[in-house]
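Hi there,

Here is the structure I promised to pass on to you. Have a look at it, and then read my notes below.

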Amino acid sequence: MAASVEVQRAAALRNAFGNVLGFFILLLIGVIAFSIRLFSVIKYESVIHEFDPYFNYRVTQFLTKNGIYDFWNWFDDRTWYPLGRVIGGTVYPGLTLTAGSMWWIVNSLNIPLSVETVCVFTAPIFSANAAWATYLLTKEVKGTGAGLTAALLSATVPSYISRSVAGSYDNEAVAIFALIFTFYLYVKTLNTGSLFYATLNALSYFYMVCSWGGYTFIINLIPMHVLLCIVTGRYSPRLYIAFAPLVILGTLLAALVPVVGFNAVMTSEHFASFLVFIIINVVALVYYIKGILSPKMFKVAITLVISIGIAVCVAVGAVLVALVASSPTKGWSGRSLSLLDPTYASKYIPIIASVSEHQPPTWPSYFTDINVLAFLVPAGIIACFLPLTDSSSFVILYLVTSVYFSGVMVRLMLVLAPAACIISGIALSDCFNVLTQSLKFQNLKLFSTATASGDATSEHASGQSKTISDKQLHGEKSEEVAKEKLTKKNRKKEKEKERETTEKTPNKKQAEKRALTLPLEFSVFAVLLIVLLGGFYVIHCVWAAAEAYSAPSIVLTSQSPEGLHVFDDFREAYAWLSHNTDVDDKVASWWDYGYQTTAMANRTVIVDNNTWNNTHIATVGTAMSSPERQAWEIFHSLDVKYVLVVFGGLVGYPSDDINKFLWMVRIGGGVFPHIKEPDYLRDGQYRIDSQATPTMLNCLMYKLSYYRFVETDGKGFDRVRRTEIGKKYFKLTHFEEVFTTHHWMVRIFRLKPPRNRIRVKAKKSKPGQRSTTGNKIDTKGRQNPWH
């Protein structure tokens, strides 16, 4: 009894120490996740990155200044002129409400932080939360060791760093945390069958709906897993509790988000959950009837239940078909159809295909974004099958679907990253368990052999000494020595029997450990290889955070033998607009720069990054693709006073408007048929040199980009396209240049006012004659319309 008590105390002490150590490891992982995303602030400055974050920052400023009621009813007349935009009903409010709440909390604690500072550091804070959520999810699947490993990988994976560096104030900053935490609560409910966790799961799903449109991935992945469990015969009451409250309560909560509204029950993205909800209720009814009826009655009842269930499914399917039949896309959104059919966007919705992050990724991008995790994922899948549980099957399904979607759209590499971290964490944890057990077993084996050989030599030496003493004593006390030898032999035999019995009846754990033991050399080599791969992964992650993803797009840098060059042309142009134009002036540009123009220059724009009205964007694209006179008429009809273009031909900035111009042509031609893409191509090639087509050389975008460009070097050599421009000397008739930044990256032109009409003096007619209009001329030479 005393020994068992001591063993229990030792186990409790070991668990307590392990829990404390695990807590500090998790705390350190959170610090790492936060710190590795601060390179952008350390190397550059605390600014908002990219384009969409500037809109989110502007909305957060409005929320903190005017309150949530005004936010829900905010009509923004400074965007999409003259249409405007209802912000409260067209934005996912999760990010804005989260940052606004954080700002309110820190200011209530008398910590004077600006809204911009809170917005800059929101993503690094939630990256730490995402790492902890990854730990919780992986722990539910494979234990604490796998959870800690997966959390460390998630904290430093480059794919997630690209969307969560300091200053990257976009929806994905909080949405990835909500995604992983929702999956954790689903798996937790699946393992425990607790209705409390099921309710928390619905609330976490509601937060995900508020944060990002990618919530449809959750509401389709979980029904797929439920259906997989039903088909493979793994149905249980826990599965019903994990799924049914999510569909009912989660759908009701999702409908409360204005941007979603009735789409939660009217669009095809949500129909899979409803269909599986019907199926799981039918299965639950079948199991219930089977438990209360006899086998004969059960056969009759099951026939009735199945027939009624089929009738209900057919009726629901007919209603759904009737609802979506009137829609040309059958109830699917354009982005969903582009995921199901990778060629759909390029054929029918060029506005979606024009976005660079909507393009399919290349193989090197997988190595850049997840690095060595791509090689660990297959091992992790095998580990999830040993043994296969409901939670491990969910993780496998999550990985498979995310791999497919990441192959369709590079932006969804962000969804693949947590799955790769979880699977790789499981693989590394199991691998370390096997290797450490092998090393421990080999050390114990060597130690036991060494002790056994030492005992044998000592016994042999003692025997020799005894024989010598016996010979010296001439046989004295020989009987007593013989008795002692017999007793020792009996004790040895008893010990050998005990050893044989213990070896014949080992427990399962010892058998498994011995079965998984590996040679000592191989174990040492494998541990060193894993440590080497881990070091390479850490170096790559630090490089990605410091170099690849830390530079803000609004402040560009380049390294040359002369040193570091900083290109601050964007802020220079927006500052000029803010200080040298009227507040009510309208600025036209391609939609990429709409959010920044509104937030930084405080000027009204025609289109922006929301891209909700394809016709309005096509109008701007048509103006850019038209000759100068026609473009002036289009912009003048929209009350535009300034046109902003981005040009990188002088400094080699590839993401300029000339490289995006074909998308303007395609989007404009999709609405206005007179704009045809072949007119801008020479033998199918896009050219700006002397071989370019006359339509290309005379369009507004070409003229605004290359106006006076030949003055820079005398040749007009474009460093991005690596060729001399085709039309070097031309003048602008209806536009005038008002500002060009230091490196020619942003150019601003003003529309010239319309010319006054030239009044033609009519010749005086003689009295009595009739004018050209037929009116009679009076004696003073005036027309008399009454005659």
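What follows is a short tour of the aromatic rings.

Please keep in mind that this is a predicted model, in which local features need pLDDT of at least 70, side-chain atom pairs count only at pLDDT 80 or more, and totals for chains, interfaces and linings use all residues. Residues are numbered from 1 along each chain as its sequence is written, and side-chain values use heavy atoms, with hydrogens and water left out.

The structure holds 33 aromatic pairs. Rings of Phe, Tyr and Trp (its six-membered ring) pair if their centres lie within 6.5 Å; planes under 30 degrees apart count as stacked, over 60 as edge-to-face and the rest as tilted.

One pair is Tyr186 with Phe394: the centres are 5.1 Å apart and the planes are at 55°, so this pair is tilted. It links distant parts of the chain, as Tyr186 is in helix H10 (residues 172-192) and Phe394 is in helix H22 (residues 390-408), 208 residues apart. Helices here are DSSP runs (H or I, at least four residues), numbered from the N terminus. Tyr186 is buried, at 0% relative accessible area, and Phe394 is buried too, at 1%. Buried means under 20% relative accessible area, exposed over 50% and partly exposed in between (1.4 Å probe, protein chains only).

Tyr186 and Phe394 also belong to one aromatic cluster, whose members include Phe183, Phe217 and Tyr398.

Happy exploring!

Definitions and conventions: Helices (H or I, at least four residues) and strands (E, at least two) are DSSP runs, numbered from the N terminus.
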